[in-house]
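Hi,

Here is the structure I promised to pass along. Have a look at it first, and my notes follow underneath.

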Amino acid sequence: MDIILIIIAALLMFLGIIGSFIPVLPGPLTSWVGLLVLHFTDAIPIDQSFLIITLIIALFIWLLDYIIPALGTKRFGGTRYGMIGTTIGLIVGLIAPIPGGIIIGPFIGALVGELINKSDSRTATKAAFGSFIGFLTSTFIKFVVAVIYLGLYIGILWDYKDALFHL
């Protein structure tokens, strides 16, 4: 049974890395579920405080994923309208069956928000670019955390390899 749980945990780890780039899957949270599955093996004791800390980090990154594009919009000169447009565009991009909607949505949302605010097209485009930079930053952070969780998974397996494989 332990081997099956280890394989399921490994699949969740890799799914978490893929989820860093695909908005439907929350990357670090999926990787954390892999750590949780590993906790249920008989051969590997994982401290509950470790699981709680890694869960808090995964939840924090998940929340940041929705905040960072709006912050990028503001950093590049966007107004409140641009930040609201970014958030709405992100939600629409997630829901709409448009290829690349998660990238296009925040960009268009910020652009429309700034244009509604009567900003000139140059300012609106700059704010929309900030939204795109925010999205890239968020994706990078999710990827790094998912890879760190994979490293923790491998390290835990390595530490308990004798108990698992009776070498």
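**What I found**

Thr-30 counts as buried, at 11% relative accessibility. One thing to keep in mind throughout: this is a predicted model.

Thr-30 is found in helix H2, which covers residues 27-39. Leaving out residues up to four places away in sequence, Thr-30 touches Leu-12, Leu-15 and Gly-16. Those three also turn up on the H1 side of the contact between H1 and H2, with Thr-30 on the H2 side.

So how do H1 and H2 pack? Helix H1 (residues 2-19) and H2 have their axes 7 Å apart, at an angle of about 170°. Angles over 145 degrees count as roughly antiparallel, so that is what H1 and H2 are to each other. By class, the contact of H1 with H2 has 12 nonpolar residues, 6 polar ones and no charged ones. From H1, the contributors include Leu-5, Ile-6, Ile-8, Ala-9 and Met-13. From H2, they include Gly-27, Ser-31, Val-33, Gly-34 and Leu-38.

**The other helix pair**

Next, H5 and H6. Helix H5 spans residues 101-116 and helix H6 spans residues 121-159; they pack at an angle of about 150°, with their axes 8 Å apart. That makes H5 roughly antiparallel to H6. The crossing of H5 past H6 is right-handed.

Which residues meet here? On the H5 side you have Ile-102, Ile-103, Pro-106, Phe-107, Ala-110, Leu-111, Glu-114 and Leu-115. Facing them from H6 are residues including Ala-124, Ala-128, Phe-129, Phe-132 and Phe-135. Sorted by class, the contact of H5 with H6 has 13 nonpolar, 3 polar and 1 charged residues.

Leu-115 may be worth clicking on while you are there. Leu-115 lies in helix H5 and counts as partly exposed, at 43% relative accessibility. Neighbours within four places in sequence aside, Leu-115 is in contact with Ser-121 and Ala-124. Leu-115 and Gly-82 are 33 residues apart along the chain, and their C-alpha atoms are separated by 8.5 Å.

Then there is the loop between H5 and H6, where you will find Asp-120. Is Asp-120 buried, exposed or partly exposed? Its relative accessible area is 44%, so Asp-120 is partly exposed. If you want a distance to check in your viewer, Asp-120 and Leu-136 are 25 Å apart in space, C-alpha to C-alpha, and 16 residues apart in sequence.

**The salt bridge**

How many salt bridges does a search of the whole structure find? The answer is 1. The side chains involved are those of Asp-65 and Lys-142, at 3.3 Å from N to O. The pair links distant parts of the chain: Asp-65 sits in helix H3 (residues 48-75) and Lys-142 in helix H6, with their positions 77 residues apart in the numbering.

Are these two buried or exposed? Buried means under 20% relative accessible area. Asp-65 has a relative accessible area of 16%, so Asp-65 is buried. Lys-142 is buried too, because its relative accessible area is 7%.

That's what I have for now. Shout if anything looks odd on your side.

Cheers

Terms used. Residues are numbered from 1 along each chain as its sequence is written. This is a predicted model: local features need pLDDT of at least 70, side-chain atom pairs count only at pLDDT 80 or more; totals for chains, interfaces and linings use all residues. Side-chain values use heavy atoms; hydrogens and water are left out. Axes are lines fitted to C-alpha atoms, for helices over the stretch in contact, and angles run from 0 to 180 degrees between N-to-C directions. Helices (H or I, at least four residues) and strands (E, at least two) are DSSP runs, numbered from the N terminus. Angles under 35 degrees count as roughly parallel, over 145 as roughly antiparallel, 65 to 115 as roughly perpendicular and the rest as oblique. A crossing is left-handed if the near helix is turned anticlockwise from the far one by less than a right angle, and right-handed if clockwise. Contact means heavy atoms within 4.5 Å. Ala, Val, Leu, Ile, Met, Phe, Trp, Tyr, Cys and Pro count as nonpolar, Asp, Glu, Lys and Arg as charged, and the others, Gly among them, as polar. A salt bridge is a side-chain nitrogen of Lys or Arg within 4 Å of a carboxyl oxygen of Asp or Glu. Buried means under 20% relative accessible area, exposed over 50%, partly exposed in between (1.4 Å probe, protein chains only).
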